[in-house]
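Thank you for making time this morning. I would like to walk you through the empty spaces in one protein model, and then through a helix that takes part in lining them. Please have a look at the sequence and the structure before I go on.

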Amino acid sequence: MLGLGVGLLIGGLWPVVVLVLAGVLVGHQLDGLLQPPPRAPSPRAPAPPEPQELAAQQHFARHLCALFIEVARADGDLVRDEVRVVREYFAEQLRYGPESLELVRRYLKEHLARPPTLEDSAAACRDELTMSARLLLLDALYGLALVDGQMHRAEQETLRRIAQGLGLSEEQIRSVTARHFGEAQAHYTRLGITPEATDADVKRAFRQLAAIHHPDRVAHLGPGAVEQASRRFQEIREAYEKIRQLRGG
């Protein structure tokens with residue numbers, strides 16, 4: 001309208017046409033600037049689980065808590081750090097919210113009072129978990145057993161029973177233990193023995209190699225020799241400690 005008015009004041013056909021077109025272009029630009037920005041679609045809140053799904057989650061959580069309790073009790077009473085590991089697994093791995101975590105706390109308390117059967121709980125998890133989830137569960141159970149820095153024999157036996165109840169193969173079990181202890185075969189090789197060696201054989205091999213490679217035996221050869229012997233001595237010690245942890249000694 002402004003372009004038309006100015007064109008009529010100037011007079012002539014072409015000024016009117018040019019100024020009307022200019023007014024249309026400027027008006028279009030102003031309309032675009034004055035339009036509010038488009039709103040992003042508001043995210044939809046996640047739908048609450050169906051009653052059947054909620055019942056399945058509660059059933060699954062009950063059996064998971066039972067397995068955690070079995071491992072935690074294997075070396076004595078449940079301690080604060082072990083409770084933390086259990087809570088972190090449900091909160092970080094399974095993404096449980098505050099209400100579900102309160103349910104987990106209740107299940108843990110119930111199982112401490114009346115422990116369920118390990119085989120039944122492992123079988124339930126086997127039936128309700130994918131293979132990947134079962135491996136993650138076993139990994140979390142190993143982390144729970146090692147929260148005090150060492151693996152006791154009773155914990156090792158409990159984890160073995162759980163792994164078998166979950167339907168895991170020897171190769172899959174080794175893949176989990178290697179993450180926490182390293183490759184077991186390499187530890188035995190460093191001591192010059194095989195995994196079939198008895199506990200007495202392991203201890204004897206360690207003592208013999210430790211005596212041979214002790215840095216004091218090469219002190220007269222200079223700092224370089226002592227440094228090399230120290231590295232070898234440390235490797236032998238670490239291999240022995242890892243084997244002890246693997247065997248629950």
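Let me begin with a term that we shall need: a residue is called buried when its relative accessible area is under 20%. Please also keep in mind that what you see is a predicted model.

With that term in hand, we can take the chain as a whole, which has 249 residues, of which 33% count as buried. Its secondary structure comes to 12 helices and 0 strands, so that, reading from the N terminus, you meet one α element after another. Among the contacts with a separation of 6 or more, 70% are accounted for by residues 24 or more positions apart.

Now to the helix I mentioned, which is H9. This helix has 12 residues and reaches 16 Å from its first C-alpha to its last, which is close to the 16 Å expected at 1.5 Å a residue. Which residues of H9 are buried? They are Ile173, Val176, Thr177, Ala178, His180 and Phe181. An α-helix has 3.6 residues a turn, so residues three or four places apart point the same way; you may like to keep that in mind as you look along the helix. As for what covers the buried residues of H9, the cover includes H7, H8, H10 and helix H12, which spans 223-247. Just after H9 comes Gly182, and the phi of Gly182 is positive, near 85 degrees.

Let us turn to the spaces themselves. Rolling a probe the size of a water molecule over the atoms shows where empty space is left.

The largest pocket has a volume of about 340 Å³. Helix H8 (153-165), helix H9 (170-181) and helix H10 (184-190) are the elements that give two or more residues to the lining of this largest pocket, and the largest share, 6 residues, comes from H9. The lining has 16 residues in total, and those that lie nearest the centre of the pocket are Arg160, Arg174, Thr177, Ala184 and Leu246. By kind, the lining divides into 8 nonpolar, 4 polar and 4 charged residues. Why does this pocket lie between domain 1 (53-181) and domain 2 (187-247)? It does so because both domains give residues to its lining.

The second largest pocket has a volume of about 220 Å³. Here H4, helix H7 (131-145) and H9 each supply at least two residues of the lining, although H4 gives the most, with 5 residues. Among the residues that line this second pocket are Val85, Tyr89, Leu136, Arg179 and His180, and you will recall His180 as one of the buried residues of H9. The lining of this pocket divides into 4 nonpolar, 3 polar and 4 charged residues.

Finally, there is the matter of enclosed space. How many cavities of 30 Å³ or more does the structure hold? It holds 1, with a volume of about 30 Å³. The residues lining this cavity include Phe68, Ile69, Val86, Leu108 and Leu144, and the elements that give two or more residues to the lining are helix H3 (51-73) and helix H4 (80-93). The lining of the cavity divides into 8 nonpolar residues, no polar ones and 1 charged residue; Glu82 is also one of the lining residues.

That is where I shall stop, and I am glad to take questions.

Note on methods:
Residues numbered from 1 in each chain as written. Predicted model: local features only at pLDDT ≥ 70, side-chain atom pairs only at ≥ 80, totals over all residues. Heavy atoms only, no water. 1 Å grid on protein atoms, 1.4 Å probe; cavity = no way out; pocket = protein on both sides within 12 Å on 5 of 7 lines; lining within 4 Å. Points joined across faces, edges and corners; volume = space filled by probe spheres on them. Helix = DSSP H or I, 4+ residues; strand = E, 2+ residues; numbered from the N terminus. Nonpolar A, V, L, I, M, F, W, Y, C, P; charged D, E, K, R; others polar. Domains from an automatic or database assignment. Expected span 1.5 Å × (residues − 1). Buried < 20%, exposed > 50% of the residue type's maximum accessible area, 1.4 Å probe, protein only. Contact = heavy atoms within 4.5 Å.
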